[in-house]
Amino acid sequence: MKITYISASIIPSEKANSVNVLKMSNAFAQQDHKVTLIGTQGEKDSKDIFRGYHIENIFDVKLSKSGKLSAVYRLLLGAKYSRNADIIYTRWIAAAAFLIIFTNKQLIYEYHAPQSKGLSQVFESIVVKSKKVKRHVFITKALKDFFVNKYNVLENKDLKVLPDGADSVQNLNLKESKNIFDCIYVGSFQVGKGVDLVIEIANKMPKIKFAIVGGSKNEVEEKQKKAIHENISWYGHLPHSQTNEVLQKAKIALLPNQPKVLIGNQDIGKWTSPMKLFEYMANGKAILASDIDVLKEILNHEENCILVKYDDPEAWRESIERLLANKKLLERISSNGYQQLNEKYTWKSRAKQALEGIK
């Protein structure tokens, strides 16, 4: 099929959404579909997009100008490259509504959160009710349930729950990995992601070596002021292709999400599907995660993770000590997570399910 993926992502950028759309476009193309991805030109040189995101140069990327009219440019570019497409894939609500109103194209829409602003909520209603949307994809069951409760019309539509994913790290030898760090956190410093909890835990464990990957230069400098000891290695934001290299150096990966996670002014904590969770699994890390319902759609205590109360630093300290002291438990959790990623949560598997049955 000819697929046009119209995104609102800035490419390249430090945002997780750019990883999602590029990885999905790559996975569609790996299944012999002809793919064109639409986005907005980032500040960095776009020539190294494929290398920077560790993907193959097997699909087209068309980037609009940045600036005040970037959304308009992107919509026009998306319309241009949608003319000959068999299906439009998007997670950008404005593009979906625009195409529904002005074209006869079939769409697959991917939901990451409810819309929080007036016009966007109008667009959401258009997308939910349109017969042109052939499939509605939700990143968590919690998000799907929210939408079905809000819009009864969805009960009779084609709905799929597809969590985020990761590329499997091949030929991974879990028993022979050479660890420099005991614990690692990978992710943004946004409110609710839990980086402050990681620092608090590190302050309680001066002999344990931590790594924190993420954050802008200013964010890192601000957080460093909270660290009491010199047991944290601060990497700042790394290109996506380099993240696995650092992950391979740690024994335990931390996922300290809080119930309330803010992206801008919107709380996505109830239905988030953290990409770093799957990257931890893909790298065979023993995961220590917050005991939050939406995370338990993927995680099972003492099977593929250890779950800990999100607001109890002392419990996190005790769980880290337990995992470091119990090699069999650590290896079992690591192995199970890695196996489950390969069976269920690769980008390739996700893309295949997203298109399954669509003609």
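At what angle do the axes of helix 1 and helix 13 cross? Let's start there, and keep in mind that this is a predicted model.

So, helix 1 covers residues 16–30 and helix 13 covers residues 347–355. Their axes come within 8 Å and cross at roughly 75°. That makes the two helices roughly perpendicular to one another. On the helix 1 side, the contact is made by N20, K23, M24, A27, F28 and Q30. Helix 13 brings W347, K348, R350, A351, A354 and L355. If you sort the residues of that contact by character, you get seven nonpolar, two polar and three charged.

Okay, zooming out to the whole chain. We have 13 helices and 15 strands. The C-alpha trace spans about 60 × 45 × 40 Å along its principal axes. For 359 residues, a compact globule would have a radius of gyration near 21 Å, and the chain has 21 Å, so the two agree. Of those 359 residues, 52% count as buried. And if you take the contacts with a separation of 6 or more, 70% of them are between residues 24 or more positions apart.

Now, cysteines, since somebody always asks. How many disulfides does the count come to? Zero. Take C183: the closest cysteine sulfur is in C305, 15 Å away, and that's too far for a bond, because a disulfide needs the sulfurs within 2.5 Å. Looking from C305, the closest cysteine sulfur is the one in C183, again at 15 Å. Are these two buried or exposed? C183 has 0% relative accessibility, so it counts as buried. C305 is at 0% too, so it also counts as buried.

Methods. Residues numbered from 1 in each chain as written. Predicted model: local features only at pLDDT ≥ 70, side-chain atom pairs only at ≥ 80, totals over all residues. Heavy atoms only, no water. Axes fitted to C-alpha atoms, helices over the stretch in contact; angles between N-to-C directions. Helix = DSSP H or I, 4+ residues; strand = E, 2+ residues; numbered from the N terminus. Parallel < 35°, antiparallel > 145°, perpendicular 65-115°, else oblique. Contact = heavy atoms within 4.5 Å. Nonpolar A, V, L, I, M, F, W, Y, C, P; charged D, E, K, R; others polar. Buried < 20%, exposed > 50% of the residue type's maximum accessible area, 1.4 Å probe, protein only. Rg over C-alpha atoms; globule rule 2.2 N^0.38 Å.
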